[in-house]
Amino acid sequence: MTLEYTLTDSEKLAHLDADELHRLVGLVEYDSESDPFPVSGWDAVVWVVGNATQTAHYFQSVYGMELVAYSGPNTGNRDHHAYVLRSGAVRFVIKGAVDPNSALIEHHRLHGDGVVDIALQVPDVDKCIEHARLQGATIIEEPRDTADEHGTVRTAAIATYGDTRHTLVDRSRYNGPYLPGYVERTSTFRKRDGAPKRLFQALDHVVGNVELGRMDEWVGFYNRVMGFTNMAEFVGDDIATDYSALMSKVVCNGNHRVKFPLNEPAIAKKRSQIDEYLDFYQGPGAQHLALATNDILTTVDQLRDEGVEFLATPDAYYEDPELRARIGEVRVPIEELKKRGILVDRDEDGYLLQIFTKPIGDRPTVFFELIERHGSLGFGKGNFKALFEAIEREQAARGNF
Ligand SMILES: [Fe+2]
């Protein structure tokens with residue numbers, strides 16, 4: 001049995017080790033040889049936005065990310081700008097059209113700012129595509145090599161929910177800043193004195209919102225096509241308020257680096273937050289990205305100072321004796337969490353601290369979660385109800401509830 005404990009290039013660059021990744025995102029050892037579709041970890045989250053130049057600045061100035069590579073008109077790409085940003089092992093690629101006839105224009109007209117590609121690192125692109133094809137997946141791009149002076153990258157892409165895709169990347173023979181076609185570029189943005197080195201270290205999970213009644217189909221897709229297993233299951237009252245509801249299941253890859261909760265709306269008295277997302281994104285898509293941090297208090301303080309707005313948590317949440325009994329001892333006084341609106345949840349393995357931002361773009365679609373894990377491999381099941389009531393207040397304020 002081969003224990004898959006190899007660090008990805010991004011993790012090595014971020015000086016993370018297996019123990020830290022175990023704590024941060026729940027990395028586990030597993031036997032990749034018996035996996036029909038081995039996935040090593042995340043490669044990049046690729047966004048399409050209306051103004052990549054400004055969004056890239058926002059992710060640097062507010063979220064503390066660093067610009068590492070670029071493609072655009074100056075590098076021979078006349079179609080769009082693409083800025084590659086990093087924080088720890090997290091890589092975002094922000095694309096925005098330059099050419100008025102770019103295909104990105106239509107994508108953005110339909111969906112607004114959002115995630116178009118959740119790219120994954122795999123050791124063997126061809127093996128994955130062969131398996132995906134046998135299982136009936138839509139192959140968007142066949143395996144191919146691209147090369148430059150830094151080496152060769154092998155990539156392919158398969159379709160997932162909505163207009164979202166998974167590009168599969170084998171960069172084992174490549175040491176450039178991102179992909180061929182990109183040049184190294186560093187930030188002209190200067191962090192303020194005393195700003196933390198980085199606000200998050202790793203990507204924990206990416207949640208997909210899918211159509212009513214199709215969650216199990218997509219769980220099946222990840223089981224069958226990508227060999228993912230089911231982690232946890234939330235159905236029914238756990239995540240229902242009096243008015244709206246959703247159902248959620250979680251799939252993950254063999255080493256648990258890549259975790260995909262999948263949500264569908266459930267029938268209730270009013271429109272669920274998932275319905276609102278599906279209307280405004282015009283179909284399924286990535287709902288939130290959970291960014292793992294070692295120090296959620298500092299991260300939240302810093303983001304708030306930069307103007308990031310988080311969902312408000314009712315004071316009642318912290319005063320609830322049931323909650324106090326459920327969560328037990330955590331590393332900071334509850335008052336510190338209450339001050340910041342940070343949620344806490346505990347299960348048999350430990351606890352986690354989490355908080356959610358408001359949608360980051362103009363449409364009520366994609367947002368971030370900050371998460372600090374202490375043993376728990378859950379997703380905050382105990383917080384769903386408290387959280388959804390907070391989301392519904394926001395939804396009502398927008399007139400969509
Ligand atoms: Fe989450």
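This is a walk through one predicted model, stop by stop, with something to select at each.

**Whole chain**

Start zoomed out, with everything shown as a cartoon. The chain holds 12 helices and 17 strands. Its radius of gyration is 20 Å, close to the 21 Å that the globule rule gives for 401 residues, so the chain is as compact as a globular protein of that length. If you want a box around the C-alpha trace, its spans along the principal axes are about 60 × 50 × 40 Å. Colour by burial and 51% of the 401 residues come up as buried. A contact map would show plenty off the diagonal: among contacts between residues at least 6 apart in sequence, 71% join residues at least 24 apart.

**Residues 41–171**

Now select 41–171. An unreviewed UniProt entry places the feature "domain: VOC" at residues 41–171 and 202–358. Over residues 41–171 the chain is 22% helix and 48% strand. Put a distance label on the C-alpha atoms at the two ends of that stretch, and it should read 12 Å.

**The nine-strand sheet**

Keep the strands in view and hide the rest. Nine strands make up an open sheet with mixed pairing, ordered 6-7-8-5-1-4-3-2-9. Its edges are strand 6 (139–148) and strand 9, each of which pairs on one side only. As a reminder, strands of a sheet pair through backbone hydrogen bonds, either parallel or antiparallel.

Begin at the strand 6 edge and step inwards:

- Strand 6 and strand 7 run antiparallel, joined by seven bridges. Pick Glu141 and look across to Ala157 in strand 7, its bridge partner. Follow the backbone round and you pass through a hairpin of two residues between these strands.
- Strand 7 (residues 151–159) pairs with strand 8 in the antiparallel sense too, over six bridges. Two pairs to pick out here: Arg154 sits opposite Asp170, and Ala159 has Arg165 as its bridge partner. The hairpin between strand 7 and strand 8 has five residues, and there Gly162 takes a positive phi near 60°.

**Helix 4, across the sheet**

Bring back residues 103–111. This is helix 4, which lies across strand 1 (41–48), strand 3 (80–87), strand 4 (90–97) and strand 5 (114–121), at about 105° to strand 4. Which residues of helix 4 are buried? Show side chains for Leu104, His108 and His111. Looking down the helix axis, these buried residues fall within an arc of 85°, so they line one face of the helix. That fits the usual geometry: an α-helix has 3.6 residues a turn, so residues three or four places apart point the same way.

Flip the view to find Ala103 and Arg109, exposed residues on the face turned away from the buried side. For the cover over the buried residues of helix 4, show strands 1, 3, 4 and 5, along with helix 7 (273–281) and strand 14, all among the covering elements. Just past the end of helix 4, check Gly112 on a Ramachandran plot: its phi is positive, about 70°.

**Ser102, just before the helix**

Step back to Ser102, in the loop between strand 4 and helix 4. Buried, exposed or partly exposed? With 17 C-beta neighbours inside 10 Å, against the 20 needed for buried and the 12 or fewer for exposed, Ser102 counts as partly exposed. Setting aside neighbours within four places in sequence, Ser102 is in contact with Asp79, His80 and Ala97. Arg78 is 24 residues away along the chain, with 9.3 Å between its C-alpha and that of Ser102.

**Tyr178**

Next, jump to Tyr178, in the loop between strand 8 (165–170) and strand 9 (183–184). Tyr178 is buried, with 24 other C-beta atoms within 10 Å. Beyond its neighbours within four places in sequence, Tyr178 is in contact with Ala69 and Val84. Leu85 is 93 residues from Tyr178 in sequence, yet the C-alpha atoms are 9.9 Å apart.

**Last stop: helix 2**

Finish with residues 18–25, helix 2, where Leu21, Leu24 and Val25 are the buried residues. Seen down the axis, they fall within an arc of 65°, so they line one face of helix 2. Their cover includes helix 1 (9–13), strand 10 (202–209), strand 14 (285–292) and strand 17 (367–374). Right after helix 2 comes Gly26, with a positive phi of about 80°.

Conventions: Residues numbered from 1 in each chain as written. Helix = DSSP H or I, 4+ residues; strand = E, 2+ residues; numbered from the N terminus. Contact = placed C-beta atoms within 7 Å. Pairing = 2+ DSSP bridges. Axes fitted to C-alpha atoms, helices over the stretch in contact; angles between N-to-C directions. UniProt positions renumbered as here; feature names shortened; annotations may be inferred. Rg over C-alpha atoms; globule rule 2.2 N^0.38 Å. Arc of directions from axis to C-beta.
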